[in-house]
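Please find below my notes on this model, set out as numbered points. They move from the chain as a whole to single elements and residues.

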Amino acid sequence: MKKKYIAEDFNSQEAIETYQAGFLGLRDRYLTTPHTVSFETYAKCDAACNFCPYVSIERQGKKMSDELIAKIVSNIGDLDQSVPLFVTIARINEPFLDKRIYDITKSINHVAPHVQFIYFSNGSPLNEAAMDRFEELPNSFCLSLSLNDHRKARYEEIMQISYERAIQRFDAIHRRKAEGRLPFWTRVTKVADNNGDDAEFISFVKERWPKFDVSVYRRATWSGSVNTTPSIVPDVGCYQWFTVGFYADGTDPFCVMDADGKFRHGDIRTQHLLEIYNHPYRKHLRGHITNRKDVDYCRTCPLMS
């Protein structure tokens, strides 16, 4: 499901209308079963991005137990395999710092061969050996690489990791893409500055890595966890209402913006993920609300992903 709304003009009326049409389409199929299952196996990141709440989350360094991972995998296997499903083994972390990610993916594929996988990374751990293992994984749908600025000084100010290493990693991954070894959606992303820097970033990526798509995400405060000026809040629903996700400590957040899981509706340690997904309040959101501004928790969130 390639999202056209994240493009050069992600604030346009056309982009907002495209997003809302996609949201309404999800209601038809995903009212009682999730579109996406997302879980964080290791609350660790090598970056410290100034737009992300990672630096202040309480569970930093927490690893999800193998037993809980096995339970989530089993729950995924219980889902209706006639309904398309996406799985993301990430939340607020750098997922490839957990070397278990490759085996977890294969375990999910074993019990739910219909699942397609979406991966997020800042690219730092994706050296040649890691990418060799990544190429062997089944049903990859998207690899989303977070760059966030095309200029060395600004990149390192934002992310607090090496710009040279990131560029080298992205160059190497792009070579694989050009060779036809990554036959799935591959993109480079940025969190919006809401100024001309966004357009310059898009031009840089298109010129240097023409085989990659490029996306700009709306800037958010993560429910007040990050001190920043957010993007405009659109009059739309939210795709996140069709996701069920879990943090490394087992916390069930309201959505990814709920960085510490303070607004939870269940407990994956004791409940089936379908029971959590179909909590009466969550189900009401999916079935009856069309504008996030009608929801107390969501009314200030600009995110469209």
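**Notes on the model**

1. Beginning with helix H2, the cover over its buried residues includes strand S1 (36-39), strand S2 (86-88), helix H3 (101-111), strand S7 (243-246) and helix H8. The structure is a predicted model, and every point below should be read with that in mind.

2. As for which residues of H2 this cover concerns, Leu68, Ile69, Ile72, Val73, Asn75 and Ile76 are buried. They cover an arc of only 160° around the axis, which puts them on the same side of H2. An α-helix has 3.6 residues a turn, so residues three or four places apart point the same way. The length of the helix was also checked: at 1.5 Å a residue, the 12 residues of H2 should span 16 Å, and the end C-alpha atoms are 16 Å apart, which agrees.

3. One residue of this helix deserves a separate comment, namely Ile69, which lies in H2 (residues 66-77). With a relative accessibility of 6%, Ile69 counts as buried, because the cut-off for that class is under 20%. Leaving aside residues up to four places away in sequence, Ile69 touches Thr41, Met64, Arg100 and Ile104. By contrast with these contacts, the C-alpha atoms of Ile69 and Gly123 are separated by 24 Å, the two residues being 54 apart along the chain.

4. For the chain as a whole, nine helices and seven strands are found. With 305 residues, a compact globule would have a radius of gyration near 19 Å, and the chain has 18 Å, which agrees. Taken along the principal axes, the C-alpha atoms fill a box of roughly 45 × 40 × 35 Å.

5. On burial and contacts, 57% of the 305 residues in the chain are buried. The accessible surface comes to about 12800 Å², and 49% of this belongs to carbon and sulfur atoms. Where contacts between residues at least 6 apart in sequence are considered, 75% of them join residues at least 24 apart.

6. Helix H1 (residues 13-30) can be examined in the manner used for H2. At 1.5 Å a residue, its 18 residues should span 26 Å, while the end C-alpha atoms are 25 Å apart, which agrees. The buried residues of H1 are Ala15, Ile16, Tyr19, Gln20, Phe23, Leu26, Arg27 and Tyr30. They cover an arc of only 130° around the axis, which puts them on the same side of H1.

7. What lies over the buried side of H1, and what does the opposite face carry? The cover over the buried residues includes helix H8 (273-277) and helix H9 (280-288), whereas the face turned away from the buried side carries the exposed residues Gln13, Glu14 and Asp28. Helix H8 therefore appears in the cover of H1 and in that of H2.

8. Turning to the strands, S5 (residues 185-191) is mostly covered, with seven of its seven residues buried. Both faces are covered: Trp185, Arg187, Thr189 and Val191 are buried on one side, and Thr186, Val188 and Lys190 are buried on the other. The buried set of S5 thus includes Arg187 and Lys190 along with Val188 and Val191.

9. The pairing of S5 involves a strand on the S4 side and one on the S6 side. Strand S4 (residues 140-146) is joined to S5 by five bridges, and the two run parallel; in S5, Val188 is the bridge partner of Leu145. Five bridges likewise join S5 to strand S6 (residues 213-217), again in a parallel arrangement. Within S6, Tyr217 is the bridge partner of Val191, and Val216 is that of Lys190. Four of the five residues of S6 are buried, so this strand is largely enclosed by the rest of the structure.

10. Finally, is Gln240 buried or exposed? This residue is found in the loop between S6 and S7, and at 13% relative accessibility Gln240 counts as buried. Residues up to four places away in sequence aside, Gln240 touches Cys255, Val256 and Ser305. For one of these, Cys255, the C-alpha to C-alpha distance from Gln240 is 6.2 Å, with the two residues 15 apart in sequence.

How values were computed:
Residues numbered from 1 in each chain as written. Predicted model: local features only at pLDDT ≥ 70, side-chain atom pairs only at ≥ 80, totals over all residues. Heavy atoms only, no water. Expected span 1.5 Å × (residues − 1). Buried < 20%, exposed > 50% of the residue type's maximum accessible area, 1.4 Å probe, protein only. Arc of directions from axis to C-beta. Contact = heavy atoms within 4.5 Å. Rg over C-alpha atoms; globule rule 2.2 N^0.38 Å. Areas by Shrake-Rupley, 256 points an atom, 1.4 Å probe, with all protein chains shown as cover. Pairing = 2+ DSSP bridges.
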